[in-house]
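Hi everyone, thanks for coming. Please have a look at the structure on the screen, and then I'll walk you through it.

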Amino acid sequence: MATRKYFTVVTDIGQSKIAEAVAGGQKLNITTFVVGDGNGSYYTPTSDMTSIKQEVWRGTISEADMIQDTQKILRITTVIPAEVSGFVVREMGLLDETGELIAIGNSPDMPKVSLQDGASTELKLCMRLAVKNTEALSFTIDPHMVMMTKAMLEEHEKDNHAHQALINRKIAEATLQRDIVIPTTGWTAITEGGVGGVKIEMAQEDVTEQMIPMVSIVYSDMDTAMECGMSTVAETITKGLRLYAEKAPDKEIHASLLLLRASGGTVGGSTGSMDIEEFYDNYVATSEDIQETLKEVFQK
């Protein structure tokens, strides 16, 4: 049988970490897709490598799925944006959340042409990874990266409803929504800044401090919220949500929490994405805006 020229291997570090995850009943979280040019030439990757030879780009994982369940083969995908260009892809790798190389693979030369060449487009890359204990792996997926691929545009040209469907899908992928109950206990005094009032930190396991929160109080609990001076400003923290008020509420307050996912402090993950400050400035109402609207509503 001929030896395969292009393939992916789990590194020694990866094998060790997978074994530890299996033994501890935990997950090894793969977070980053790295791409390199092989330092200018083809090479055969080996399991003792701790990095790709010459990195030219890194980004998020857009998809991870099982393509051959019986053989435990995973397909991990990323997309290099059109505006990133000017190199030849010859190697790829997967990093865990600590930045260590878990898997490495080589590939045929794939030029990522520059805009100056007049033919720049996004480049979809896939790594196929054979892992016996797939249940020990988890992947940080970034499907909310706002990226219109050529295939999406072609589908839009065929279907008049495709554009709205795409927008709806991207919104769904970019947000998390859930009902929350704001308790009467657990509030602490705000001592910093001399502004007074109280705050509470509610546990939300899958929340990160980069997310953008929007809290909508249900109508039936609006009086309770107004009596305690509930602030319209909410803040995400690691595994939690921070809320502010003039005093602790005397009854539980039911609300809806909408979270806009963000990556690395930006809305979306591409280099052309909007940063959080710009998003707030252009699309999120301030506390003053909301209070003014509430006055107008309740005065009518």
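Let's begin with charges: how many salt bridges does a search of the whole structure find? The search finds nine. A salt bridge here is a side-chain nitrogen of Lys or Arg within 4 Å of a carboxyl oxygen of Asp or Glu. As background, side chains of opposite charge can pair when their charged atoms come close.

Before I show you some of them, a word on where this comes from. This is a predicted model, in which local features need pLDDT of at least 70 and side-chain atom pairs count only at pLDDT 80 or more, while totals for chains, interfaces and linings use all residues. Residues are numbered from 1 along each chain as its sequence is written, and side-chain values use heavy atoms, with hydrogens and water left out.

Now, please find R242. Its side chain meets that of E201 in a salt bridge, at 2.7 Å from N to O. This pair links distant parts of the chain, since R242 sits in strand β15 and E201 in strand β12, 41 residues apart. Strands are DSSP runs of E with at least two residues, helices are runs of H or I with at least four, and both are numbered from the N terminus. R242 also forms a salt bridge with E235, at 3.2 Å from N to O.

Is R242 buried or exposed? With 16% relative accessibility, R242 counts as buried. The cut-offs are these: buried means under 20% relative accessible area, exposed means over 50%, and partly exposed is in between, using a 1.4 Å probe and protein chains only. Both partners of R242 fall in the middle class: E201 is partly exposed at 45%, and E235 is partly exposed at 32%. Elsewhere, salt bridges with shared partners join K17, D96 and E100 into one network. Another salt bridge connects E55 and R58, at 2.8 Å from N to O. E55 is partly exposed at 38%, and R58 is partly exposed at 46%.

Let's go back to β12 and β15, and look at the sheet around them. Four strands form an open sheet in the order β11-β12-β15-β14, with antiparallel pairing. Two strands count as paired if DSSP finds at least two bridges between them. Why do β11 and β14 have one side without a neighbour in the sheet? β11 (188-189) and β14 (234-237) stand at the edges and each has a single partner strand, so one side of each is left free of a neighbour there.

We can follow the bridges across. β11 is joined to β12 (residues 198-203) by two bridges: T188 stands opposite K199, and A189 has V198 as its bridge partner. From β12, six bridges lead on to β15 (residues 240-245). There, K199 is partnered with Y244.

Next, the inside. In soluble globular proteins, nonpolar side chains tend to be buried together. A nonpolar core is a set of buried Ala, Val, Leu, Ile, Met, Phe, Trp, Tyr and Cys residues joined through side-chain atoms within 4.5 Å. The largest one has 27 residues, and F33, V35, I76, I80, L94 and L125 touch the most other members. Elements giving two or more residues to this core include α1, β2 (28-36) and β5 (73-80). A second, separate core of 20 residues includes M211, L243, L257 and L259.

Take V35 as an example. Leaving aside neighbours within four places in sequence, its contacts (heavy atoms within 4.5 Å) include I52, W57, I80 and L125. Now compare I13, in helix α1 (residues 12-24). I13 is partly exposed, at 23%. Beyond neighbours within four places, I13 is in contact with T50, E100 and L101. I13 and T50 are 37 residues apart in sequence, and 7.6 Å apart in space from C-alpha to C-alpha.

Finally, how far does the predictor trust its own model? The score is pLDDT, its confidence in each residue, from 0 to 100. The chain has a mean pLDDT of 79, with 71% of its residues at 70 or more. Among the elements, strand β6 (residues 87-96) has the highest mean, 96, and strand β17 (residues 266-267) the lowest, 32. The score is also below 50 over residues 263-280, a stretch with 41 contacts in the model beyond near neighbours in sequence.

Definitions and conventions:
pLDDT = per-residue confidence, 0-100.
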